[in-house]
Structure formats: C-alpha cells, structure tokens
Amino acid sequence: MAAPLTLLLIVAVTVRAALFRSTLAHLIAERVEVVSPLTAWKRVVEGLALLDLGVSPYAGDVFHETPLIIYLFHFLVDYAEITFMVADGISAVALYYAVQDYNKQVFRKQKYALEAERYPADCHELVRSPAEMHYIPLKVAMFYLLNPFTVLSCVAKSTCGLNNAVVSLFVLATVKGNALLSAIFLALATYQSIYPLTLCAAALLYLMQRQFIPVNARRLSFWWFVAQYAFMYLGSLFVTVGLSFFLLGSWDFLPSVYGFILSVPDLTPNIGLFWYFFAEMFEHFRLFFLCVFQINVFIYTIPLSIKLKDHPVFLIFMQLAIISIFKSYPTVGDMALYMAFLPVWSHLTRFLRNVFLVSCVLLACSALFPVLWHLWIYAGSANSNFYYATTLLFNVSQILLVSDYFYAFLRREHHLTHGLYLKKKDGSEATLVLK
Amino acid sequence: MKIPTLTILLSSLFSADGIHVQDTAGQFFSSGHTNNWVVLVCTSRFWFNYRHVANTLSVYRSVKRLGIPDSHIVLMLADDMACSHRNPKPATVFSHKNMELNVYGDDVEVDYRGYEVTVENYLRVLTGRLPASTPRSKRLLSDDRSNILIYLTGHGGNGFLKFQDSEEISNVELADAFEQMWQKRRYNELLFIIDTCQGASMYERFYSPNIIAIASSQVGEDSLSHQPDSAIGVHLMDRFTFYLLGFLEDIHPASKTNMNDMFKVCPKSQCVSTVGHRTDLFLRDPGSVLITDFFGSVRKVEITMETINLTEPITLVEDNSNNGELQKASLSYVDQLPVSEIIHQKPKQKDWHPPDGFILGLWTLILLVFFKTYGMKHLKHIF
C-alpha cells in the first residue's frame, strides 16, 4: 500500500502547491471560516516581527499561539508553505498507519468472536471481511488530504494543520499501544489548544484494553495505570510549559494563550457558536455563560466513555467531533480531522438515516458562508443574524452527523448481540430507537 | 369760553391719541414675535413613501404662499420623489389624485437632501450646533423673537420616529432639543406638527414653555394615508396633512383664523385616527394665536405720524475681548516617528534567538523520548 499512498501524497502536494502559487492564497488566508484569532498565519508573522523588535509577542492582542510555535517558525518562516504541507502529510500518514493497525485489531477481535460463536446466526451480513477493509486506510488518508477544508486550511497556513498533525500522531501512538508517546503527544496537543484534554479518557480506555487491564473502578491495576498515564501526561505538560517559559523568559503566554481560549474576548465571527451569544450578552451574565459554554465541551466525555468503553477509537472520533463543534474558535480545519475518520465506519452506512440531509446541509452551508459574509460586511444588505443562522445550521448538521454515526454504531453492536431481524414480543418487526 | 374748551378738547384728544400710540408702540415691542422660521422634515426614503414627501412639500408650499421666504425655511427631504426613476410624471409631486395640484412647483429649495437627513443633522439644525463650514441655507438662525413651525412626517411608533430606515429619534431626545433651544433663547413660540403613526407619543415628553403640539394620531393608533393615484401608483398624501392643506388653502396673509380652528382640522370621521394636541405648555390662550403667527410671515406695520419716545436708552455693548497680543505658545510635535532611525536603516539590529538552554533542553528531551520508544540498543551505535 505504499505506492498508492505516495501517489496520494504527490497529488495532495500538487493541489496545495498550485493553490499557494495562485492569487487565491491571499484571499483564503483572510476568510474567517478558515482562520481564527488563534490560528491565523498573519498573527504568527506579527508575533515574530514583534519579537524581532524586542517586544514580547504577547503584548497586545495580536498573537495567541504557544511559544513552541514561535520557536518552530523562527527558523521555518521562509519555508512556511512546505512546513504546512509536511504537517498535512504527517497527519495523513499517521492516520493511515493508525487505521491500518486498528483494522487489524478489529478483524482479530471479530475472528475470536466468530470462533467463540458469540454472534447470532442471522448476522453474517454484518461481519466484516478483510477485502472490504483493505482500502480503508488509503481512504482515510485520501479523506484527510483531499478534503477541501483541509486544503483551504493548509493554503491559509492556519496553525490548525499543526494541531491536527499532533492529534494524528497521538492517535497513531495510542493505537500502536505506546503509552509514553501517546501521553506526550496528547500533552503537546493540549498545550496548543486546551480541548484535546478530553481525549485522555479514550486513550486510557484503549491502552487498558490493549494491555488487558480490566476497566473496573474497583481494581487496583486500573488506578495504577491511570496514575502512570496521568503522571506521564502531566509531566510532559509541565515540561512543555516550563520550556516555553524558558524560551521567552516570562509567563505572559499563559493568559494570552489559555486565558484567551477560555475567556473568549475576541468576538470575530467564525463558524462556532460563541461569538454571537457573547456579542449580545450583558456583562453581568458573561461569566456564567462562559462557564456554561466551556463546560459544554467537556461534559460529554464521561457519559460517552461509559457508554463506549469497549470502543475507544469510536470514542476518539466522537470526542474530536464534539471538540470541533463546541470549541471556542473552531475552523474548518478542525472539522477535516474528524471527517477523515468517516471511512473507518463505512460498514455502518446501512444503518445511517440522515445521510442526504446532512450532506445537503453541509454543502449548502459551506456555500452560504462566503455569500452571507459578503452580503453582511460588503453589501450591507444582510446582518449578523444571517451569518449566525448559517453557522447554527452548519453546527446542527455536524451534530446530526455525529449522532447519526453514534446511532448506527450502537445499533450494529446491538444487532451483533441480539440478531439482525429483531422481533417484538408479539412477533412483529421491531425498530431500534436511540434514546 | 368756547375756544379754550375746544382747545382743551382737542389737546386732550391729541394727548389721548398720543397715549394710544405710545401704548401700541409699547405692545409692539413687548408682545410676540418679529420673525418666522420653518423647519420641515420628511424622514422616509423609497418610492412607496411618496406621500411623506408630498406632505412636507404641501406644507412648504403653504408657508411660502403665506409669505415666509426660502431663507427662513429649512426643508429636509430624505428622498427625491420628483426625479425618481419610478415617477411616471417626472419633476412633479402631486398631492391630489388626478394630478390636480403639483406641490413641487418651479421654485423648491431643498436644504437637506437624501442621506443628509439624519437624526444628528436634524438635532444640530434645531440646536444650532453646526460646524462652522455649514452654509446659511442649512442653518436655523432663529432668535428669541422667532416663531418656529416644525413639521415632521414619516414612519413612527410609540416614542420614536424613524429616519431613513436605519435610525430613530426618540421623544426624549426631541424634548431635550427643544429645551436646549429654549435655554439658548432660540425661539419665542414653537408650533410642532407631526404626521406619523402614534404621533402623540412624540410630544408627550416636552417640558419647555411656549410649545403647541399637534399630532395626527394618538398612541396606539396609525395615521392613515389618503388616496392613491392609479397613474402614479402610490398613495399621494396622508389624511391629516391632506385636510390640513385644504384648511391652509383658505388662509391668506390677513386672515384671522386662530389655533382653535386648526385643532378642529380632520375630525375622526375624515382622519380615522384621533388628532391630538397639547397646549398646556403654551402661555397664551390658543384662541388668540393666529394661524399666520406660525404659517405666515406677517410683518407688524403701524403707520403713525406721531413721534414716539423710546424710554430705554440704547446702550452700546462694549467689546470685552482682550485686545492684547495673541499668545503664541510655541508648539512642537512629539517626535512620533523616529525618522533618523528609519533613514539610517540598520537591518534588524536585534535578531531574536531562542536561548541556548532552551534548545539544549528541548532536543535532549526529544532524544530521550526517541530512545525510550525505540529501545536503548540504538544508543551504542552513537556512543
């Protein structure tokens, strides 16, 4: 599979290089859907320029990325385009190998289950074969690299691409079973934007499953593993934060980066849910709603990890989706990461119910975003409500996508334990509902 | 005997006549107004608001006909209906259907047109706080002997009037503007007429003296339009102003019609909405106020052969301004632009480098992780 992957990488690099050379690059770099105040390339350049002038890059409300990004781009600012293309390539290759390994695990577990005859008799059409699973890693890499959202994000040189690379490496490390690397990459991802913290639970579940530690809160081995992982994770996080302090010699990156992400002072419109609410909020209630909105990102971790404790990779997918919908400054690059996972669940298509609706709404909203932005800002005949309505629709359709996949996944698991053709007690055909 | 009585009678007659002229002369300078000003505002734009422009122009026409010159009229029209591309009869604005009366005429002088009609400009005109570059035609140069007629029309609501479909003026702002005018002695008496929906809400908040206010509808009521013309395609006038125009057409400069007659214009049977008025702030009895006190520019002229002694001597106001030298404070700009540094441009004198300790620490950590992951056996190949 190396040859198709290489071909895919060449095609992806060509597409991005072509767009970099065209006039669209400058246009795309300014679109609010693609860059946010956290990830804009313009701000990185500004921060580096401030540093060259002897001023802290965090003075003023310009630069909100972490100091390690300063270090990275201090040497690579002239090769920025190549850096972002390499980051996309790393993400794609990491996801490729991760999904390949995951598929092997899935197939092995299925083989054991079939030998133990744990599946009901009429489920043979739900059983997956290696033939159908052969091209999934390539499809995952393709979905990531050739996704228009990823291409836009790369051409805009948004640091979201770097975040995606770190998260992909985290997924690879987790799937391969390497707890140390998984903790380190997760710490780096959390260091850059706080929200990947929720992926801790999924990583813990997967690693414990792989090392055959039972996920039981009463067992000592469970807590010992959690303690080890937490130690590695927190240790690498502290080391990274300490290194950042030594880079610039001051702690003022903490309020500028983490304070900015958590307190959402910048209300530039984006594809997220925060800006409109906070633009019209009274100061008295601001803290309350800030807490509510931020808790909303983290609150789904525990229930989902309880429900999906046997399927941690699906949990990773759902967590990534929830992060990219509910985070404070989302961009389309965040979306592209979880959309890359969709081919892994291609066996669920027979249970998906809202494919047409979701795809239509996503396409329509993607087309409407620039139109309504133009009408609002340039033509003056629309207003922020139009743009926010599109944002709402976009996020609702993403939520519908994720919940649809959740339903399909759980339904398949249910069928695998209870049989494909379900009957109610009186013998008529039953329907499954997600409650 | 007869001659002295005759002379006494004649002298008493003359003296009585002299006293009478003296009194009228006294009244002449102590009563009422000496000049008239008019501010007419139409606040709506777009073709379907034709009637608001027609309203304003019909009042304009009436006041011009009754003698107020253009120099004393501030006419603010938010849109140009006469030359609108949708007007089937260009250069005309009709007030009656079948094109009976063209209120646009040949000699309209619009002072604030189109997008210049904003709440800010309107309040600046009223209070006189205009930039020094504003021409005379755009100023309300009234004094404490001016009677001012203010006419507003457009779309309104409870407590506000909409300007240009994008901003509003509230009744509180308007009341405060009038109070500013009163404190700056910019009017003697003010007649405020408003023809909008819920127009009475706009005069509820007035608190300055000498204001009469008339509105075409009460709070909670809509002012309705009068008749559409099928050739023009829009409603031509609002009911209240239509009947007001009809009422004013009967006024001539010498007529003695008073305010009480104006309050009876457009009863509920004709206007559908209830016309409201407010006279509690007005010091005189409205029955003694002539229509021409506000709508016309009637000069008070008394021809007399007598000499009149003006009892108060005219004192020259002394110029208090300091005739001393202008204080020339030497001004200098703060050196904001370090020109010398830019001219002698040194290429990035302080190039920032990450500290050495940082680089060392970072790469050590990376190497440690690498070796931990891939096993210590690689170490022996390096060392």
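Which strands of chain B form an open sheet, and in what order? Strands 5, 6 and 7 do, in the order 5-6-7. The legends below start there.

This is a predicted model, in which local features need pLDDT of at least 70, side-chain atom pairs count only at pLDDT 80 or more, and totals for chains, interfaces and linings use all residues. Residues are numbered from 1 along each chain as its sequence is written, chains are lettered from A and ligands numbered from 1 in the order in which they are written, and side-chain values use heavy atoms, with hydrogens and water left out.

**View 1. The open sheet of chain B has three strands.** The pairing in this sheet is antiparallel. Strand 5 (155-157) and strand 7 (167-170) stand at the edges, each with a single partner strand, so one side of each has no neighbour in the sheet. From one strand to the next, the twist averages 30 degrees. Strand 5 and strand 6 (residues 160-163) of chain B pair over three bridges. G156(B) has L161(B) as its bridge partner in strand 6. Two strands pair if DSSP finds at least two bridges between them. Strands (E, at least two residues) and helices (H or I, at least four) are DSSP runs, numbered from the N terminus.

**View 2. A helix lies across this sheet.** Helix 3 (residues 119-127) of chain B lies across strand 6 and strand 7. The helix runs at about 35 degrees to strand 7 of chain B. Axes are lines fitted to C-alpha atoms, for helices over the stretch in contact, and angles run from 0 to 180 degrees between N-to-C directions.

**View 3. Strand 4 of chain B is covered on both faces.** Strand 4 spans residues 146-153, and eight of its eight residues are buried. Buried means under 20% relative accessible area, exposed over 50%, and partly exposed in between (1.4 Å probe, protein chains only). In a regular strand the side chains alternate between the two faces of the sheet. S146(B), I148(B), I150(B) and L152(B) lie on one side. N147(B), L149(B), Y151(B) and T153(B) lie on the other. Strand 1 pairs with strand 4 of chain B in the parallel sense, over eight bridges. There, N36(B) has N147(B) as its bridge partner. Strand 8 (residues 189-195) of chain B also pairs with strand 4 in the parallel sense, over seven bridges. L149(B) stands opposite L191(B) of strand 8.

**View 4. N49(B) sits in a loop.** The loop runs between strand 1 (35-42) and helix 2 (50-65) of chain B. N49(B) is buried, with a relative accessible area of 4%. Leaving out residues up to four places away in sequence, N49(B) touches S44(B), M81(B) and H155(B). Contact means heavy atoms within 4.5 Å.

**View 5. Two cysteines of chain B are joined.** C266(B) and C271(B) form a disulfide, with sulfur atoms 1.8 Å apart. A disulfide is a pair of cysteine sulfur atoms within 2.5 Å. The search of the whole structure finds one over all chains. The torsion about the S-S bond of C266(B) and C271(B) is about 100 degrees, so the disulfide is right-handed. C266(B) is buried at 4% relative accessibility, and C271(B) is buried at 1%. Elsewhere, C42(B) is buried at 0%, whereas C83(B) is exposed at 53%.
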